[in-house]
Amino acid sequence: MSINEVKNTDFSTIGSLCGEVMQEAAEPKKCKICGKPFKAITVEALGRKTKVFAVDCDCYVEEQERKEQQKKKTALRERYQRANIGKRYIDITLEKLEKLGTEHVADAQKYVENFNPESGASLHLIGEFGNGKTSVGYAILRALLSKGFNGLYITWIDVVNRCYYAKSFNSQEKVDTILVDLSRFDILVLDELVINTKDDREVNLATELFDRLYRDNKCFVLINNPCDIQEMKTVPRLGKLLDRVREQAEKLIFKHSSYRLKNTGGENVN
């Protein structure tokens with residue numbers, strides 16, 4: 001509507017609406033959250049002074065901030081779930097692990113602080129079962145997700161199962177798609193790399209995955225037991241894989257005995 005088209009009735013309507021607002025504001029009220037009475041103030045509107053009541057507490061602002069924080073928290077937990085962080089580990093942080101005396105937390109914190117998804121900088125966590133390697137891997141992933149990076153936690157057996165399922169339909173394209181998906185994350189946490197060295201398909205699959213990670217300069221956290229590495233060393237075709245991991249990843253050796261075994265006081269059956 002142009003200026004020339006504005007009619008007196010339009011001004012009347014606007015004036016009427018303003019009057020209704022001012023009339024409502026002139027009614028004494030209390031905060032619905034804390035019960036504090038609104039503060040009486042004098043304002044000038046439509047050429048006349050009017051006493052109105054205005055909010056005299058921070059409850060509304062604080063409530064909106066709480067809702068925004070809860071919204072962010074919910075969104076972050078959804079990111080954790082999409083990254084395959086299990087319920088047992090979803091609240092694990094590097095700070096908590098530091099208080100527990102878990103090894104190599106300082107190295108993990110330094111890695112998170114200096115993380116650059118284009119650098120290809122990676123970590124290789126090596127140690128016996130139950131001494132905190134997986135917890136550190138999860139905590140690194142959680143910390144990087146909180147900083148806005150994307151990532152995924154996955155075990156080697158999950159990779160193999162997904163690819164074998166695709167293979168059952170004789171679709172190499174599906175296997176390629178899975179490998180491409182795994183190499184597109186800012187950070188990939190690959191746990192329990194236990195390759196069936198007697199299965200050529202699995203050896204080829206592992207080699208192809210690490211070729212992609214190396215070629216695309218992708219960051220990863222690899223988690224191994226020492227015996228798994230020794231077995232892989234017996235397979236010449238895995239030599240290139242191990243060589244590239246050595247070049248790309250900083251090795252962190254976990255020497256602590258099993259926390260699970262210590263806490264239960266018995267033999268670990270896992």
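Which helix does T207 lie in? I went to this one first, keeping in mind that the model is predicted. T207 sits in helix α8, which covers residues 200-215.

**Entry 1: T207 and its surroundings**

I looked up the accessibility next. T207 comes out at 14% relative accessibility, so I put it down as buried, the cut-off being under 20%. Then I asked what T207 touches once its neighbours within four places in sequence are left aside. My list for T207 reads R237, L238, K240 and L241. I also checked the spacing to L241: T207 and L241 are 34 residues apart in sequence, yet their C-alpha atoms are 5.9 Å apart.

**Entry 2: the sheet**

What is the strand order of the open sheet? I read it as β4-β5-β6-β3-β7, five strands with parallel pairing. The edges are β4 (151-155) and β7 (249-254), and each of these pairs on one side only. Ignoring direction, I get an average turn of 15 degrees between neighbouring strands of this sheet.

**Entry 3: strand β3**

I then took β3, residues 122-127, and went through its partners. With β7 it runs parallel, and six bridges join the two. With β6 the pairing of β3 is parallel as well, over four bridges. Which residues stand opposite L125? On the β7 side I found L252, and on the β6 side I found I223. H124 has K251 of β7 opposite it.

Is β3 covered or open? It is mostly covered: I count six of its six residues as buried. As a reminder to myself, side chains in a regular strand alternate between the two faces of the sheet. In β3 I noted S122, H124 and I126 on one side, with L123, L125 and G127 on the other, and both faces are covered.

**Entry 4: aromatic pairs**

How many aromatic pairs does the structure hold? I have five. One of them is F115 with F149: the ring centres are 4.9 Å apart and the planes stand at 80 degrees, so I logged the pair as edge-to-face. F115 lies in the loop between α4 (105-113) and β3, while F149 lies in the loop between α5 (133-146) and β4, so this pair ties together parts that are 34 residues apart in sequence. Both F115 and F149 are buried.

I looked at F210 and F220 after that. They form an edge-to-face pair too, at 5.7 Å centre to centre and with 90 degrees between the planes. F210 belongs to helix α8 and F220 to strand β6 (residues 219-224), so the pair ties together parts 10 residues apart in sequence. F210 and F220 are both buried. I also wrote down one aromatic cluster, made up of Y89, Y138 and Y153.

**Entry 5: D186**

Where does D186 lie? I placed it in the loop between α7 (172-182) and β5 (187-191). D186 is buried and has no salt bridge. The nearest side chain of opposite charge belongs to K218, and I have it at 4.8 Å; the cut-off for a salt bridge is 4 Å, so this one does not count.

Last, I pulled the contacts of D186, again without its neighbours within four places in sequence. They are F115, P117, F149, N150 and C219. That list includes F115 and F149, the edge-to-face pair from Entry 4.

Terms used
Residues numbered from 1 in each chain as written. Predicted model: local features only at pLDDT ≥ 70, side-chain atom pairs only at ≥ 80, totals over all residues. Heavy atoms only, no water. Pairing = 2+ DSSP bridges. Axes fitted to C-alpha atoms, helices over the stretch in contact; angles between N-to-C directions. Buried < 20%, exposed > 50% of the residue type's maximum accessible area, 1.4 Å probe, protein only. Lys, Arg positive; Asp, Glu negative; His and termini not counted. Contact = heavy atoms within 4.5 Å. Phe/Tyr/Trp six-rings, centres within 6.5 Å; stacked < 30°, edge-to-face > 60°.
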